[in-house]
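Visitor: I should like to learn how to read the features of a structural model. May we begin with the model itself?

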Amino acid sequence: MTEQSTIRPRRLWYGIAIAVLVVGIAAGIGAFLFALRPALGDLQRFETGQTVRLSLSAGQRRTLYVSGDTAGGDLRCTASPAGLSLSETSGLTMSQGDESWSAAYQLRADRTGSYRLTCTSPAGRKELAVGATLSGPRLVGGIVAAVACPCGGLLFAGIVCLVVALRRHARRRALREATPPAG
């Protein structure tokens with residue numbers, strides 16, 4: 001019989017490979033949640049005709065969402081004091097719980113301050129919300145990282161486990177052949 005202590009590489013390498021796999025999975029989950037963090041944030045809700053206060057830093061972006069599957073269309077918004085840029089947008093629909101929200105405007109603060117935003121619509125009352133802006137590159141990067149990190153961890157763990165198993169097997173065979181037969 002061979003002593004386990006003479007067989008190299010040690011079994012410790014299996015544990016290291018599993019640890020790297022777990023870290024890869026955790027990193028993938030973290031990257032995905034980081035990418036989705038703006039969508040998971042709270043929405044500041046209000047209705048047409050009401051004024052909402054926003055405290056923004058210079059360069060900070062927010063999105064104005066309209067409740068339902070339709071974009072703002074006939075929605076008219078004004079901001080005061082000057083310094084909050086409003087640009088129409090469409091195409092982004094976000095669901096939060098049972099509610100669906102469509103992006104109507106992108107808001108960007110030119111300078112740090114407190115702003116008032118008021119929206120009106122000839123179509124009547126609409127539920128509105130201001131929330132974080134979802135960035136396409138951030139979302140794509142998060143999804144790629146969410147797939148690449150666990151796959152990289154799995155690939156690394158698989159290669160390490162295969163190499164360790166093959167080398168341990170070869171070492172056992174070499175020790176068996178070097179040991180004289182009993183008797």
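Guide: A nonpolar core is a set of buried Ala, Val, Leu, Ile, Met, Phe, Trp, Tyr and Cys residues joined through side-chain atoms within 4.5 Å. Buried means under 20% relative accessible area, exposed over 50%, and partly exposed in between (1.4 Å probe, protein chains only). This is a predicted model, in which local features need pLDDT of at least 70 and side-chain atom pairs count only at pLDDT 80 or more, while totals for chains, interfaces and linings use all residues. Residues are numbered from 1 along each chain as its sequence is written, and side-chain values use heavy atoms, with hydrogens and water left out.

Visitor: Which residues have the most contacts inside the largest nonpolar core?

Guide: They are F46, L64, L75, L117 and C119, in a core of 18 residues. Strands (E, at least two residues) and helices (H or I, at least four) are DSSP runs, numbered from the N terminus. At least two residues of this core come from each of β2 (51-56), β3 (61-67), β7 (99-109), β8 and β9. The most is given by β7, with four residues. A second, separate core has six residues, including W101 and Y65.

Visitor: How is a disulfide recognised, and how many does the structure hold?

Guide: A disulfide is a covalent bond between the sulfur atoms of two cysteines. The criterion is a pair of cysteine sulfur atoms within 2.5 Å. The structure holds one, formed by C77 and C119 with their sulfur atoms 2.1 Å apart. C77 lies in strand β4 (residues 76-80) and C119 in strand β8, so the pair ties together parts that are 42 residues apart in sequence. The torsion about their S-S bond is about 110 degrees, so the disulfide is right-handed. Both C77 and C119 are buried.

Visitor: Why is C149 not bonded to C151?

Guide: The closest cysteine sulfur to that of C149 is in C151, and at 9.4 Å the separation is too far for a bond. C149 counts as partly exposed because its relative accessibility is 28%.

Visitor: Is K126 buried or exposed?

Guide: K126 counts as buried, because its relative accessibility is 16%. This residue lies in the loop between β8 and β9. A polar contact is a pair of N or O atoms within 3.5 Å; within protein, one must be able to donate a hydrogen and the other to accept it, and residues adjacent in sequence count only if both atoms are side-chain atoms. The side chains of K126 and D74 make such a contact, at 3.0 Å. P122 is found in the loop between β8 (113-120) and β9 (127-132), and P122 is exposed, with a relative accessible area of 72%.
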